[in-house]
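Visitor: I have a model open and would like to practise reading its side chains. Could you walk me through a few features?

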Amino acid sequence: SKVFKSDIYQNFILPKAFQEADFTPTSDMLVFLASLGGLFALGALFFGHVSDKVGRTKIMILGAVGELGFLILFGWSFPNFLRYQLYLAPLFFLASAIAPAILAYVSDISGKARRGSANALYSTVLSLGLAVGNIVGGLVAERGGIQGIFYAGAGLLFPSILVTGTLLRKR
């Protein structure tokens with residue numbers, strides 16, 4: 001498959017860590033990565049509906065396990081991840097379950113009068129996590145490369161799955 005060398009792809013589409021890793025995606029890789037975005041959007045719609053039927057906690061844990069599997073497999077297989085696209089795509093689909101289930105859960109437990117405040121707090125924590133994650137990801141990439149970013153994400157996610165699963169079961 002053809003390799004993209006355009007400045008647009010190198011400077012705007014790929015995160016800095018990928019650029020510095022001397023990673024040049026093929027057109028097949030870009031199509032796969034773009035399709036993951038679409039799959040994620042469809043999954044969020046699907047799992048939002050499913051969480052209304054089977055409960056938020058189960059869907060949150062399912063999503064977190066999918067995310068964990070994706071992080072580990074993508075990190076392990078990078079840069080040859082296309083070989084594992086039939087495993088990566090379903091894991092990413094499962095990962096899309098986290099956000100709608102968490103947002104619904106926050107709304108469920110906060111009560112109608114405090115729903116806006118509770119979702120604002122969730123949004124603030126999420127934004128802080130994204131900001132800190134970018135900094136930590138950059139530091140990890142300098143030492144462990146692209147794969148290190150995914151392994152670090154998995155390392156942070158695994159204990160949070162255990163703690164969250166335990167706390168939600170007690171509720």
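Guide: Happily! Let us begin with Phe 46, which is partly exposed, its relative accessible area being 42%. Keep in mind that this is a predicted model.

Visitor: Which residue does Phe 46 form an aromatic pair with, and what is the geometry?

Guide: To read a ring pair, look at the distance between centres and then at the angle between planes. Phe 46 pairs with Phe 47, with 5.0 Å from centre to centre and 75 degrees between the planes. That pair counts as edge-to-face because the angle is over 60 degrees. Phe 47 is buried, at a relative accessible area of 4%, while Phe 46 is partly exposed.

Visitor: How many aromatic pairs does the structure hold?

Guide: There are 12 aromatic pairs. For a wider view, follow the rings from one to another: Phe 32, Phe 40, Phe 70, Phe 74, Phe 78, Phe 81, Phe 92 and Phe 150 make up one aromatic cluster.

Visitor: How should I read the nonpolar core, and which residues have the most contacts inside the largest one?

Guide: Start with the buried nonpolar side chains and see which ones join up. The largest nonpolar core has 21 residues, and those with the most contacts inside it are Phe 32, Leu 36, Phe 70, Phe 74, Phe 78, Phe 81 and Leu 88. Two or more residues each come from α3 (27-54), α4 (56-77), α5 (85-95) and α7 (115-170). Of these, α4 gives the most, with 6 residues. There is also a second, separate core of 8 residues, including Ile 59, Met 60, Ala 97 and Ala 101.

Visitor: Beyond its neighbours within four places in sequence, what is Phe 32 in contact with?

Guide: Phe 32 touches Phe 81, Leu 82, Gln 85, Leu 88 and Ala 89.

Visitor: Phe 78 came up twice. What kind of peptide bond joins Phe 78 and Pro 79?

Guide: Here the general rule helps: most peptide bonds are trans. The bond between Phe 78 and Pro 79 is cis, with omega about 10 degrees. Pro 79 sits in the loop between α4 and α5.

Visitor: Now for charges. How many salt bridges are there, by the rule used here?

Guide: The count comes to 2 salt bridges. When reading them, check whether partners are shared. Asp 52, Arg 56 and Asp 108 are linked in a network. Arg 56 bridges to Asp 52, with the closest N and O atoms 2.7 Å apart, and Asp 108 bridges to Arg 56, with the closest N and O atoms 2.6 Å apart. Asp 108 lies in helix α6 (residues 98-110) and Arg 56 in helix α4, so this pair ties together parts that are 52 residues apart in sequence.

Visitor: Are those three residues buried or exposed?

Guide: Arg 56 counts as buried, at 15% relative accessibility. Asp 52 is exposed, with a relative accessible area of 52%, and Asp 108 is partly exposed, at 46%.

Visitor: Finally, the surface. Which residues make the nonpolar surface patch of about 330 Å²?

Guide: For a patch, look for nonpolar side chains that sit together with accessible area. Ile 72, Trp 76 and Tyr 151 make this one. Tyr 151 belongs to helix α7 and is partly exposed, with a relative accessible area of 38%.

Methods:
Residues are numbered from 1 along each chain as its sequence is written. This is a predicted model: local features need pLDDT of at least 70, side-chain atom pairs count only at pLDDT 80 or more; totals for chains, interfaces and linings use all residues. Side-chain values use heavy atoms; hydrogens and water are left out. A nonpolar core is a set of buried Ala, Val, Leu, Ile, Met, Phe, Trp, Tyr and Cys residues joined through side-chain atoms within 4.5 Å. Buried means under 20% relative accessible area, exposed over 50%, partly exposed in between (1.4 Å probe, protein chains only). Helices (H or I, at least four residues) and strands (E, at least two) are DSSP runs, numbered from the N terminus. Contact means heavy atoms within 4.5 Å. A salt bridge is a side-chain nitrogen of Lys or Arg within 4 Å of a carboxyl oxygen of Asp or Glu. Rings of Phe, Tyr and Trp (its six-membered ring) pair if their centres lie within 6.5 Å; planes under 30 degrees apart count as stacked, over 60 as edge-to-face and the rest as tilted. Patches are made of residues with over 30% relative accessible area and no salt bridge: like charges are joined within 9 Å, nonpolar side chains (Val, Leu, Ile, Met, Phe, Trp, Tyr) within 5 Å. Accessible areas come from the Shrake-Rupley method with a 1.4 Å probe; for residues, only the protein chains shown count as cover.
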